[in-house]
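Please work through the exercises below with the sequence and the structure side by side, trying each task before you read its solution.

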Amino acid sequence: MSNNSKKSVQSTALFYIFYTALFAVVSYLVYGYFLKNGKTLICEGDTWRQHLKAAAYYSKWLRGVFYHIIHDHSLSFQTFAFGIGYGSDMYPTLQYYALGDILNLFSAFVKTEYIHIYFQVVMLLRAYLAGITFSLYAKYLRKDMTPAALLTGMFTYSFGSYFMYLGLWHPFFANPLIYLPLVLLGAEKILKEKKPTFFAVSIFLAGTNNFYFFYIIVLLTIIYVVVRLIFTYVGAHKVENPFSEALKTIGTFFLYGITGTLMSMFILLPVLLAFPNNPRSGSGIEIPFLYPANYYRELIKNVYTFVYHGENDTQLGFTPVFVAALFLVVVRSIYKLITTTIEISKKKKELLKDTEGPSSVFIAWDEPSEYMKTRCLYQELVFALLITAFLCLPFCGYVFAAFSYAVNRWAFACALFAGFVTAEFADFISEKITGLIDKNKSEGNRLLGGVLSAVILVITLSCIIKNGRIAYSPEEGNMVKDYMDTCTPEEMYAQLQSTEVQVVEENAAADGLDVSGSFYRYSGRDLVWNAAMLDGISSTQFFWSLADKRVSEYFKLMANNDQQNFAYFALDDRAILNSIAGVRYYSLRYNTPDQQAFVPYGYAPSYEKFNFGIYENPEAMPLGFTYSQAISESDFNALTPIEREEALLYGVVLPDEKAAAYPEAEPTYTSENKPYEITFEGKIKEVEGGFKVKEAGAAAILTFEGTPNAETLVLFKNLNVKSNNDILAINVSTQLPDGTSIQKNIDYKSERSWYYSGWHDFIVDLGYSDTAKTQIRLTFSDKGTYSFDELAVYTRTLSTMHPQLAALKEHTLTDVDLHKNPISFATNEITGSIDTTDSEVLFLSIPYTKGWKAYVDGKKTELIPADTMFSALELTAGHHDIRLVYHTPGLLAGFILTAFGFILLIVLRKRAH
């Protein structure tokens, strides 16, 4: 190694050592508010409910894989987790939160009680690495960039509010800050050096990290490359055939982009196959042409300072230094455009020769360095204009969000732009000022330039520290209030484990069940989001971004009143739905009389601990039971939502062609539509097809003759609300004779809401009671027009429920073995046996997915959807051994494509050499 090379390595090492020390200091000054106020970096919102639990489970899952390698000498990927809602594939579900992130691989060596410490370290490590990858990109483009200017850009990039807000609230969202600079650096290596390998590798890293942000990075890269190609080849008079060269370059991008994507397929393909089944995709959300006026007012502020929870997740939060840098880009671009146009007009014959049109702007300089600088300046102006348009138009956010809703989570690209132009600004201002002071470019001149760049760095860091105070200080933004208190590892473990799950498990153990190995499901009130995942216990609650469309469709058909199609708690305490779904235990967080009124019919007190009360349903259905009659999907859809629930007691819902092979079910309905009288309180009136509510809190009171020993239900058929608010509530309440109040909300989301699920039918179960309910109060949270096809009150005696459930239990799946991993509790196999007396349908309380393959007596048998969201097998009379085997769809093919991608890259490299 030459002396120059040694000096270069040493200077680079010293630079990153200094960056590391400075990053630590700035991090303390920005995030120290958490430490000073006894808080962790773990937000009580989505970080706690989703991200931390995903990291904790992923850690266990990795150890579960190692367990089989060590004990069985086999590589067993058990990916079906009963603990994710009704049961789901952890591979695509957790890819949005943990799986695929290189930094999370090391969590395999971290115990659950310490996972929160590891989690927080990784959170800050992401910002640190983002600064480093930014420096690689920026230094490649500007090899003469001074260290102080580069640091200015690095801190502008990694300490914008994209990380300071979204990176803490949704820690996985910080990862694209690491990978976007690498992908664009790879693009630049193709454009400048014709070296595409780095691009393929960076695409591979981005593709394995997160499917959602990979999609965004791909779109951003396409836009970036198109702009760069235009400025590289349009008007490039020194290139013999610019059009041909541009096509070759595009071909290189495509070939190596595909290669990198193939390399990532062991992660990416299972997610791509699961994504079409995601209910959030194409849900019918309305996208306006423009945002509300308040959004644009906030956007201006968002450019130069921290904004808490920017509308539509628009998180910029830069500094006034960036504003000055952006202003300079615009002014310099306009100035250069004017002066260049004048110069071209003077030298037109000499400079243009045979070239005509707008491309003349790009060839107005004889000096290559001046040409490059001006071209780059125009590029920055174009990128600024594009970013501004993307931020201002909701449709752009909708496209970047994979056509789910209008959201600007692509704003990490804005941070990259801000960091780069701010770094350039530092050098430009220093160069101009020193040039004015000392035109001889002496050693003192360079020293002065370095001092000026350092001053701009200090100003930038001061603004960042100020943003930290605005965001986190209890005296100002007070974001720390939304974060969990600091705790010991033991306390964190207790918070992760000591939920209703622990009490349910103790009840199950008391009932003689294998706590982790047996099948049982629980529901209840005030459940902790995703609490059951760590222990692998099935429940009715689920809160993950990549959900199952079939579950949402089931809720829609049953008019189930819940939050949204990717975040749902329960089955609204409806007795039949809970029993059919195998919900054996019902948890009350607070076992008080007012809460006990919500316990579904058929559940009896079973276990108490602390403030919890567990109620057990002896008639909850097992994992597998049989129907001898069927209902076609067409006939089922023709029923009312009230009728559909009771129909499930009599026949299994199958696709029409399958249902035709079985006797048609003939349900007996115990529901009775009750006529009512309506009165109003507040500014509300009845209009054709609904209510006109003129003040928040107005109410409609329905008075009727109820039925004793019955459930009471309210049905809104095709509810639509026109209001200024996207999300509003209808409080539905009644009162028992002893004064106990039963209240539930319909949380309505309009088509303008991010969380719109396409649900317009709602049944609210006001519980089963011995005495008749006679009055229901509907209280409206917002002004607006509430229209509906039907508002009805039903009572349901459930007199047929017990005998019908008993009949369904005549033939059940026995000797069930879930084959769960002893560490992660995931599985890829279920076995059991059953005896039938006729041709029957074995209903399986497992969500239907193509990942399951069924074998009856060793012969592969078609698994079919049942009741929309569950699974079923057709059986003949006799004894049968049942075996279900699960493989994540696309996982094996993904590994094959990954191997092919790596081989292709090796071949391409050899050919290139």
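**Exercise 1.** With which residue does Asp726 form a salt bridge, and how far apart are the closest N and O atoms?

*Solution.* The model is a predicted one, and in it Asp726 pairs with Arg752, their closest N and O atoms being 2.9 Å apart. This pair links distant parts of the chain, since Asp726 sits in the loop between β21 (720–722) and β22 (727–735), while Arg752 sits in the loop between β23 and β24 (762–769), 26 residues apart. As a last step, consider accessibility: Asp726 has 29% relative accessibility and therefore counts as partly exposed, and Arg752, with a relative accessible area of 37%, is partly exposed as well.

**Exercise 2.** Describe the salt bridge of Asp572, giving its partner, the place of each residue and whether they are buried or exposed.

*Solution.* The partner of Asp572 is Lys744, and the closest N and O atoms of the two are 3.0 Å apart. Asp572 belongs to the loop between β8 (567–568) and α22 (575–580), whereas Lys744 belongs to strand β23 (residues 741–749), so the salt bridge ties together parts that are 172 residues apart in sequence. Both Asp572 and Lys744 are buried.

**Exercise 3.** Find the partner of Arg584, and state how accessible each member of the pair is.

*Solution.* Arg584 forms a salt bridge with Glu616, with 3.0 Å between the closest N and O atoms. Here too the pair links distant parts of the chain, for Arg584 lies in strand β9 (residues 583–588) and Glu616 in strand β11, 32 residues apart. The relative accessible area of Arg584 is 24%, which means that this residue is partly exposed, while Glu616, at 15%, is buried. To place this pair in a wider setting, note that the count of salt bridges comes to 27.

**Exercise 4.** How many disulfides are counted, and why do Cys392 and Cys414 form none?

*Solution.* The count comes to zero disulfides. To see the reason, recall that a disulfide needs two cysteine sulfur atoms within 2.5 Å. The cysteine sulfur closest to that of Cys392 belongs to Cys396, and because it is 9.2 Å away, it is too far for a bond. For Cys414 the closest cysteine sulfur is in Cys392, at 10 Å, which is again too far for a bond. Cys414 is a buried residue, with 3% relative accessibility.

**Exercise 5.** What are the phi values of Phe610 and Asp867, and are these residues buried or exposed?

*Solution.* Begin with the background, which is that most residues other than glycine have a negative phi. Phe610, however, has a positive phi, near 55°, and Asp867 also has a positive value, near 50°. Next, find their places: Phe610 lies in the loop between β10 (604–609) and β11 (612–616), and Asp867 lies in the loop between β34 (864–866) and β35 (870–875). Finally, turn to accessibility, where Phe610 counts as exposed at 69%, whereas Asp867, with a relative accessible area of 1%, is buried.

**Exercise 6.** Which residues form the nonpolar patch on the surface that includes Phe66, and which form the negative patch that includes Glu657?

*Solution.* The nonpolar patch is made of Phe66, Ile69, Ile70, Leu75, Ile102, Leu105, Phe106 and Phe109, which together have about 840 Å² of accessible area. Its member Phe66 is placed in helix α2 (residues 46–71) and counts as partly exposed, at 36% relative accessibility. The negative surface patch consists of Asp635, Asp656, Glu657, Glu664 and Glu666. Among them, Glu657 is found in helix α26 (residues 656–659) and counts as exposed, with 60% relative accessibility.

**Exercise 7.** Why can helix α6 be called largely enclosed by the rest of the structure?

*Solution.* Recall first that a residue is buried when its relative accessible area is under 20%. Helix α6 spans residues 161–169, and nine of its nine residues are buried, so the helix is largely enclosed by the rest of the structure. The buried residues of α6 include Tyr162, Phe163, Met164 and Trp169.

Key. Residues are numbered from 1 along each chain as its sequence is written. This is a predicted model: local features need pLDDT of at least 70, side-chain atom pairs count only at pLDDT 80 or more; totals for chains, interfaces and linings use all residues. Side-chain values use heavy atoms; hydrogens and water are left out. Patches are made of residues with over 30% relative accessible area and no salt bridge: like charges are joined within 9 Å, nonpolar side chains (Val, Leu, Ile, Met, Phe, Trp, Tyr) within 5 Å. Accessible areas come from the Shrake-Rupley method with a 1.4 Å probe; for residues, only the protein chains shown count as cover. A salt bridge is a side-chain nitrogen of Lys or Arg within 4 Å of a carboxyl oxygen of Asp or Glu. Lys and Arg count as positive and Asp and Glu as negative; His and the chain ends are not counted. The place of a charge is taken as NZ of Lys, CZ of Arg, CG of Asp or CD of Glu. Helices (H or I, at least four residues) and strands (E, at least two) are DSSP runs, numbered from the N terminus. Buried means under 20% relative accessible area, exposed over 50%, partly exposed in between (1.4 Å probe, protein chains only).
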